[in-house]
Amino acid sequence: MGEASVKTLETRTDLSSPPVTEVEARPGGQHTLVSRLRAPRRPRIWFEVLLIAVSYWTYSLIRNAVPEQKAVALANADWLWGVERSLGIAVEQSVNHTIDSVTWLIVGMNYYYATLHFVVTIGVLVWIYRFHPGRYAATRLVLFATTGVALVGYYLYPLAPPRLMNGQQFIDTVLKHHTWGSMASGNLKQMSNQYAAMPSMHIGWSLWCGLTIFAVASAPWARILGLLYPTATLVVIVATANHFWLDAVGGMLCLAFGFAVSRAWFGSLPHRLPRHPEPAGPHPATELLNRFRR
């Protein structure tokens, strides 16, 4: 009898339920909706193309819908130029005139300004999508958050680019050399808000590209090119008189905000996430659509 009682007690102890953690006690356990949305998963090409197209269309629509406020934008440009002069960094005009004296160089920069801003950004997105799918969503969120907060800057602080300032001798290099270039100059200027110079998304996007390549690429030459790209972009935006130095600082701050948003959502910086996502089941949005189909 005694042995049987002991065995019975041991059996009951072994079969007792393990302690329930606070997370598991919640409805849905660890697989909450938020945690599933945060989980890196393999992106779908059709969704990404649609998302990027709609997002850029929305960005352009909002950016160009911001009142141009010419008088305020010019006054802000004068004030910013004065701040740079007091800081001893107001050399944009010298850079603009010096590089404009070399025709082949400034013409190349005009085309650089008009094209690489989009080509390189899309190229980096495609590269991350193809070879680092586990990091894609977090990397994309950095770019989207950066661009989104820039719209706030355009609305709150209209700013004329140097080439549109009154009483200064900046050269609009696209007009002078008759190159197809920025939508902010020439025949295409009606398609873009002329006074959305702060912050500079040429810097925000190029620095996003450069840091992404530097953090993820394994080839040393690729990492070096990644860092050179935003550096070259900084020279270009100043040489073409499209931005002040401080516009670039604004773009950097927007990018820092983008990284902070991505870090808060995914719990890690993009390059520290797994290169390939673990199977996470169907996306919650897909499940919701399937429910409506039934």
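1. Let's start with a word you'll need throughout: a residue is called buried when its relative accessible area is under 20%. Take L151 as a first try: its relative accessibility is 14%, so L151 counts as buried. Keep in mind that you're looking at a predicted model.

2. Stay with L151 for a moment. You'll find L151 in helix 8, which covers residues 133–156. What does L151 touch, once its neighbours within four places in sequence are set aside? The contacts are Y59, I62 and R63. Try finding M201 as well: 50 residues separate L151 and M201 in sequence, and their C-alpha atoms are 10.0 Å apart in space.

3. Now zoom out to the whole chain. How many helices and strands are there? The chain has 13 helices and 0 strands, so if you read the elements from the N terminus on, you get α-α-α-α-α-α-α-α-α-α-α-α-α. The chain has 294 residues, and 40% of them count as buried. As for the outside, the chain exposes about 16,800 Å², with carbon and sulfur atoms supplying 66% of that area.

4. Here's a number about how the chain meets itself. Look at contacts between residues at least 6 apart in sequence: 84% of these join residues at least 24 apart. Several of the pairs below link distant parts of the chain, one of them being D100 and K176.

5. Next, helix 6. Which of its residues are buried? They are E92, N96, I99 and D100. Looking down the axis of helix 6, you'd see these buried residues fall within an arc of 100°, so they line one face of the helix. And what covers them? The cover includes helix 5 (70–87), helix 7 (103–131), helix 9, helix 11 (220–239) and helix 12 (245–266).

6. On to charges. Side chains of opposite charge can pair when their charged atoms come close. The count here is 2 salt bridges. One of them joins D100 and K176, whose closest N and O atoms are 2.6 Å apart. D100 sits in helix 6 (residues 92–100) and K176 in helix 9 (residues 173–177), with their positions 76 residues apart in sequence. Are the two partners buried or exposed? D100 has a relative accessible area of 5%, so D100 is buried. K176 comes out at 46%, so K176 is partly exposed.

7. The other salt bridge is formed by R163 and D172, and their closest N and O atoms are 3.5 Å apart. Here both R163 and D172 are buried.

8. Aromatic rings come next, and a search of the whole structure turns up 5 aromatic pairs. Take Y112 and Y229: their ring centres are 6.3 Å apart and their planes meet at 40°, so this pair is tilted. The two rings come from distant parts of the chain, with Y112 in helix 7 and Y229 in helix 11, 117 residues apart. Y112 has a relative accessible area of 18%, so Y112 is buried. Y229 has 14%, so Y229 counts as buried too.

9. Compare that with F118 and W205. Their ring centres are 6.4 Å apart and the planes are at 80°, so the pair is edge-to-face. This pair also links distant parts of the chain: F118 is in helix 7 and W205 in helix 10 (residues 201–216), 87 residues apart. F118 is partly exposed, at 32% relative accessibility, whereas W205 is buried, at 8%. Which residues form one aromatic cluster? That would be W81, F170 and F244.

10. Charges and rings can be looked at together, too. The charged end of R223 sits over the ring of F214, 4.2 Å from the ring centre. R130 lies over the face of F131, at 5.1 Å from the centre of that ring.

11. One last stop: M109, which lies in helix 7. At 11% relative accessibility, M109 counts as buried. Leaving out neighbours within four places in sequence, M109 is in contact with I99, V235, V236, A239 and T240. You've already met I99 among the buried residues of helix 6. M109 and I237 are 128 residues apart in sequence, yet their C-alpha atoms are 8.5 Å apart in space.

Note on methods
Residues are numbered from 1 along each chain as its sequence is written. This is a predicted model: local features need pLDDT of at least 70, side-chain atom pairs count only at pLDDT 80 or more; totals for chains, interfaces and linings use all residues. Side-chain values use heavy atoms; hydrogens and water are left out. A salt bridge is a side-chain nitrogen of Lys or Arg within 4 Å of a carboxyl oxygen of Asp or Glu. Helices (H or I, at least four residues) and strands (E, at least two) are DSSP runs, numbered from the N terminus. Buried means under 20% relative accessible area, exposed over 50%, partly exposed in between (1.4 Å probe, protein chains only). Contact means heavy atoms within 4.5 Å. Accessible areas come from the Shrake-Rupley method with a 1.4 Å probe; for residues, only the protein chains shown count as cover. The arc is that of the directions from the helix axis to the C-beta atoms. Rings of Phe, Tyr and Trp (its six-membered ring) pair if their centres lie within 6.5 Å; planes under 30 degrees apart count as stacked, over 60 as edge-to-face and the rest as tilted. A charge sits over a ring if NZ of Lys or CZ of Arg is within 6 Å of the ring centre and within 35 degrees of the ring normal.
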